[in-house]
Structures are given as C-alpha cells and as structure tokens.
Amino acid sequence: MNTFYAGNTGRTGFLQYNGNFSRDQASAASKGLAEADFLLGTPARIGRGTAGNVWGHRKYMLGFYFQDDWRASDELHSQPRNALGVAPPSL
C-alpha cells in the first residue's frame, strides 16, 4: 500500500477567515463575520501546502478460508435446511 501524506496543512495549503477585518475596529466588543472577510479577500491566516512524499507501507496479512462442501466422511456431512427443517432437493 503506497500512502501519500501532504502534511498538516494539506497539499494546497489553507486560508482561514475569522471576522477580524469586517468587525468594527473602534469597538473591542465588536465581532465580525468570517464570511465577510472571505468576500473581502482578507484571510487571518495562510498556510502553504507541501508536495509531500509517497512511502510504501508493507505488512504481512494472513487470510483463512474453509471449503463449504467439507465432509467428515461420505456418510456424515452437513446438508443445508430451510426454516421448516426440510432439506432442498439435491441436484
């Protein structure tokens, strides 16, 4: 399995808007809207993405299976039955 990891900021980076630029600058209690900052194009934080690398992750995986027509002997075998306990006709 080959995994791509682009870092914590992602491959393309990020832009964060928090309402800092759309609030009333004269009032400390004023809160702006992050959506308004987005429309103004004024992000509060900018993160640059990295190309990252691809690394190979290897591990051993075991798989088991059981054959569905297994018989302990020719006389003793499991035959499916329906809800009424009746075995379906054999082909």
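Rings of Phe, Tyr and Trp pair if their centres lie within 6.5 Å, and planes over 60 degrees apart count as edge-to-face. Keep that rule at hand for these exercises on a predicted model.

**Exercise 1. Lay out the chain.**
Work out which secondary structure elements the chain has and in what order they run.

*Solution.* Start with the inventory: the chain has one helix and four strands. Next, read from the N terminus, which gives the order β-β-α-β-β. Then turn to the surface: the chain exposes about 8600 Å², with carbon and sulfur atoms supplying 56% of that area. Of the 91 residues, 5% count as buried. Finally, take the contacts with a separation of 6 or more: 57% of them join residues 24 or more positions apart.

**Exercise 2. Classify the aromatic pair.**
Find how many aromatic pairs the structure holds, and decide whether the rings of Tyr 17 and Phe 38 are stacked or edge-to-face.

*Solution.* The count is one aromatic pair. The ring centres of Tyr 17 and Phe 38 are 5.4 Å apart and the planes stand at 90°, so the arrangement is edge-to-face. Now place the partners: Tyr 17 sits in the loop between β2 (14-16) and α1 (34-40), while Phe 38 belongs to helix α1. With these positions 21 residues apart, the pair links distant parts of the chain. As a last step, check the cover on Phe 38: its relative accessibility is 51%, and because exposed means over 50%, Phe 38 counts as exposed. For another distance from Phe 38, take Gly 19, 19 residues away along the chain: the two C-alpha atoms are separated by 8.6 Å.

**Exercise 3. Account for a buried charge.**
Asp 37 is buried; find what the nearest side chain of opposite charge is and how far away it lies. Then find which backbone atom the Asp 37 side chain reaches.

*Solution.* First, locate the residue: Asp 37 lies in helix α1. Second, look for a charged partner. The nearest candidate is Arg 23, at 8.2 Å, whereas a salt bridge needs the atoms within 4 Å. Asp 37 therefore has no salt bridge. Third, look for a polar partner: the Asp 37 side chain reaches the backbone nitrogen of Asn 20 at 2.9 Å. Fourth, list the surroundings. Leaving out residues up to four places away in sequence, Asp 37 touches Tyr 17, Asn 18, Gly 19, Asn 20, Phe 21, Ser 22 and Thr 42. Tyr 17, the loop member of the aromatic pair, is thus among the residues that Asp 37 touches.

**Exercise 4. Two loop residues.**
Decide whether Arg 11 and Lys 31 are buried or exposed, and locate each one.

*Solution.* Arg 11 is in the loop between β1 (2-5) and β2. Its relative accessibility is 58%, so Arg 11 is exposed. In space, the C-alpha atoms of Arg 11 and Gly 49 are 4.6 Å apart, although 38 residues separate them in sequence. Lys 31 is in the loop between β2 and α1; with a relative accessible area of 76%, Lys 31 is exposed. From Lys 31 to Asn 18, 13 residues apart along the chain, the C-alpha separation is 9.2 Å.

Definitions and conventions
Residues are numbered from 1 along each chain as its sequence is written. This is a predicted model: local features need pLDDT of at least 70, side-chain atom pairs count only at pLDDT 80 or more; totals for chains, interfaces and linings use all residues. Side-chain values use heavy atoms; hydrogens and water are left out. Rings of Phe, Tyr and Trp (its six-membered ring) pair if their centres lie within 6.5 Å; planes under 30 degrees apart count as stacked, over 60 as edge-to-face and the rest as tilted. Buried means under 20% relative accessible area, exposed over 50%, partly exposed in between (1.4 Å probe, protein chains only). Lys and Arg count as positive and Asp and Glu as negative; His and the chain ends are not counted. A polar contact is a pair of N or O atoms within 3.5 Å; within protein, one must be able to donate a hydrogen and the other to accept it, and residues adjacent in sequence count only if both atoms are side-chain atoms. Contact means heavy atoms within 4.5 Å. Accessible areas come from the Shrake-Rupley method with a 1.4 Å probe; for residues, only the protein chains shown count as cover.
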